[in-house]
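Visitor: Got a minute to walk me through this one? I'd like the helices, then the sheet, then any odd backbone spots.

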Amino acid sequence: MAPMLERFASPGKGNGLRATTAIKSGKLLFSTDPLASCVSTKVAKDVCHRCFARHETLLRCSQCKMARYCNITCQKQAWSDHKRECKCLQSILPRIPTDSVRLAARIIFALMNPAKSRTEELYSLNEHESHLSSMPEQKKQGLSQLASMLEIYLQQEVPELALEMTSALPQSCGQPLDLIAKVTCNCFTISDGELQEIGVGLYPSLSLLNHDCRPNCVMVFEGTKLHLRAVRDIKPTEELTISYIETLSLTEERQKQLEDQYHFTCRCQKCDSQDTDTIMESGEQATWQKLMEALPKLEELQAASEWQTLRESCARLLSAEGSDVPDENLYKLRLTDMALDAAVHLGHWEEATTHGERTLPIYRRYYPDPHPVHGVQLMRVAKLQHYLERIQDALNTFKQAFEILKITHGIDHPLVADLLVKMEECRFEMDQ
Ligand SMILES: [Zn+2]
Ligand SMILES: [Zn+2]
Ligand SMILES: [Zn+2]
């Protein structure tokens with residue numbers, strides 16, 4: 001089958017990918033395994049380092065005590081990728097390098113292994129942009145520290161790194177600083193079915209994809225395998241785009257994040273028209289400003305799993321300032337989502353369902369195209385309704401989730417298989 005995408009020079013953006021043919025919404029365009037990937041340190045104890053599945057109990061590598069696996073099969077399969085890493089990890093115990101340093105090391109190991117050299121890539125690591133020349137000095141210093149960490153980490157296995165990466169390594173590894181900069185600009189966050197971050201990976205061909213705040217494609221993962229799918233109908237030669245960031249935010253926020261993290265100014269249509277900004281900041285500014293100002297503290301509580309305090313703070317804010325602010329307001333929406341999260345963790349199911357249901361019309365409004373975040377939110381609410389034995393409501397919400405997830409994930413994705421089972425359960429219970 002001829003590929004549905006090809007590399008091209010995108011006007012004003014450098015390299016890009018475009019469609020070679022007309023593509024329907026929901027079409028799978030490309031699937032690929034990473035050149036290298038690693039589990040995020042913060043979930044390293046909960047996720048298999050081979051297949052990225054979550055388990056209550058995992059086998060631990062007896063040598064580095066860091067890597068964990070579902071079973072002996074996953075451990076054996078992982079060994080060729082883990083062997084060198086394992087020695088490096090042991091050499092710097094009890095320290096654990098950051099995710100980007102561990103990923104950079106895995107990229108070097110992959111490139112050192114000729115059996116794994118990948119000639120089919122549309123974009124080599126050599127060509128990846130590091131943005132070092134345009135980077136603010138402070139950021140460059142941060143990356144230099146990571147580069148030094150990488151050299152210390154790799155000393156055991158790749159002593160050449162310190163000697164300006166001599167012939168032992170493919171040229172594409174470049175200098176440690178260059179490699180670290182390329183990794184941080186080009187790697188993708190690997191997420192699980194609930195869209196929780198579980199790792200990072202480099203998928204060289206797909207680094208060519210440019211950003212749009214209203215993209216025509218999405219990336220979803222199955223383990224570490226990345227699928228690129230169309231979420232709108234695409235014309236031949238039209239550029240393929242994804243969003244590098246969460247798009248449910250104000251134009252100014254998105255642009256700042258894109259500039260800080262990816263070093264470009266977004267000039268997409270959504271940024272141009274600032275279409276949803278006014279509605280996202282609807283209501284009395286003096287009132288919603290209090291919600292906005294409370295968010296960073298609440299995010300800290302959420303990150304620290306302080307669910308009871310988070311629940312009380314959200315309830316207080318939502319009943320005081322929140323009651324005068326329309327649901328469409330972005331800060332109120334974020335607050336409601338956090339209240340939902342807290343209620344779920346504390347097992348207050350009725351309360352969680354109320355918060356969740358409140359967010360759904362707003363999600364629908366802010367995600368005009370099928371979007372994984374919207375689909376997963378619907379599924380979350382549907383499961384709550386199902387648990388409360390509101391079977392008809394649950395079935396309706398599952399159906400809405402299905403309409404989105406069949407496009408973004410495809411009907412073969414395990415998440416959608418799970419969804420179909422839930423829908424069957426609802427139908428069966430209604431027949432009873
Ligand atoms: Zn596994
Ligand atoms: Zn190990
Ligand atoms: Zn934009």
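Guide: One term before we start. A residue is buried if 20 or more other C-beta atoms lie within 10 Å of its own, and exposed if 12 or fewer do. Also, this is a predicted model.

Visitor: Fine. Which residues are buried in helix 14?

Guide: Leu415, Val416, Leu419 and Cys426 are the buried ones in helix 14. They cover an arc of only 95° around the axis, which puts them on the same side of helix 14.

Visitor: Why would residues three or four places apart point the same way?

Guide: An α-helix has 3.6 residues a turn, so residues at that spacing point the same way.

Visitor: And which exposed residues sit on the face turned away from the buried side of helix 14?

Guide: That face of helix 14 carries Pro414, Ala417, Val421, Glu424, Phe428 and Asp431, which are exposed.

Visitor: What covers the buried residues of helix 14?

Guide: The cover includes helix 12 (372-387) and helix 13 (391-408).

Visitor: How far apart are the end C-alpha atoms of helix 14?

Guide: They are 26 Å apart. Helix 14 has 18 residues, 414-431, and at 1.5 Å a residue it should span 26 Å, so the two agree.

Visitor: Run the same check on helix 13. What does it give?

Guide: The 18 residues of helix 13 should span 26 Å, and its end C-alpha atoms are 25 Å apart, which agrees.

Visitor: Which residues of helix 13 are buried?

Guide: Here is the list: Ala394, Leu395, Thr397, Phe398, Ala401, Phe402, Ile404, Leu405, Ile407 and Thr408. What covers them includes strand 10, strand 11, helix 12 and helix 14.

Visitor: What follows helix 13?

Guide: Gly410, with a positive phi near 85°.

Visitor: Strand 10 came up there. Why call it largely enclosed?

Guide: Strand 10 covers residues 217-222, and 5 of its 6 residues are buried, so the rest of the structure largely encloses it.

Visitor: How does strand 10 run relative to strand 11, parallel or antiparallel?

Guide: Antiparallel, with 6 bridges joining strand 10 to strand 11 (residues 225-230). Glu222 stands opposite Lys225 in strand 11. The two strands form a hairpin with 2 residues between them. Gly223 in that turn has a positive phi of about 65°.

Visitor: What do strand 1 and strand 2 form?

Guide: A hairpin, with 3 residues between them. Gly12 in its turn has a positive phi of about 80°. Strand 1 (residues 5-10) and strand 2 (residues 14-19) run antiparallel, joined by 6 bridges. Ser10 has Gly14 in strand 2 as its bridge partner.

Visitor: Now the open sheet. What is the strand order?

Guide: The order is 4-8-7, with 3 strands and antiparallel pairing. Strand 4 (36-39) and strand 7 (188-191) are at the edges with a single partner strand each, so one side of each has no neighbour in the sheet. The twist averages 30° from one strand to the next.

Visitor: How many bridges join strand 7 to strand 8?

Guide: 4 bridges, with strand 8 taking residues 197-202. Thr189 has Val200 in strand 8 as its bridge partner.

Visitor: Which helix packs on that sheet?

Guide: Helix 2 (residues 99-112), which touches strand 4 and strand 8. The direction of helix 2 makes about 145° with that of strand 4.

Visitor: On to odd backbone spots. Where is the cis peptide bond?

Guide: Between Leu93 and Pro94, with omega about 5°. Pro94 is in the loop between helix 1 (72-91) and helix 2.

Visitor: And what is the phi of Phe52, positive or negative?

Guide: Positive, about 65°, although Phe52 is not a glycine. Phe52 is in the loop between strand 4 and strand 5 (59-60). Phe52 is buried, with 24 other C-beta atoms within 10 Å.

Visitor: What about His131, what is its phi?

Guide: About 60°, positive, and His131 is not a glycine either. His131 lies in the loop between helix 2 and helix 3 (137-154). With 17 C-beta neighbours inside 10 Å, His131 counts as partly exposed.

Visitor: Last one. What does UniProt list for residues 48-86?

Guide: The unreviewed UniProt entry lists them as "domain: MYND-type". In the model, that span is 38% helix and 10% strand, and its end C-alpha atoms lie 15 Å apart.

Conventions
Residues are numbered from 1 along each chain as its sequence is written. Chains are lettered from A and ligands numbered from 1 in the order in which they are written. This is a predicted model: local features need pLDDT of at least 70, side-chain atom pairs count only at pLDDT 80 or more; totals for chains, interfaces and linings use all residues. The expected span of a helix is 1.5 Å times one less than its number of residues. The arc is that of the directions from the helix axis to the C-beta atoms. Two residues are in contact if their C-beta atoms, placed from the backbone, lie within 7 Å. Two strands pair if DSSP finds at least two bridges between them. Axes are lines fitted to C-alpha atoms, for helices over the stretch in contact, and angles run from 0 to 180 degrees between N-to-C directions. UniProt positions are given in the numbering used here, feature names are shortened, and annotations may be inferred rather than shown by experiment.
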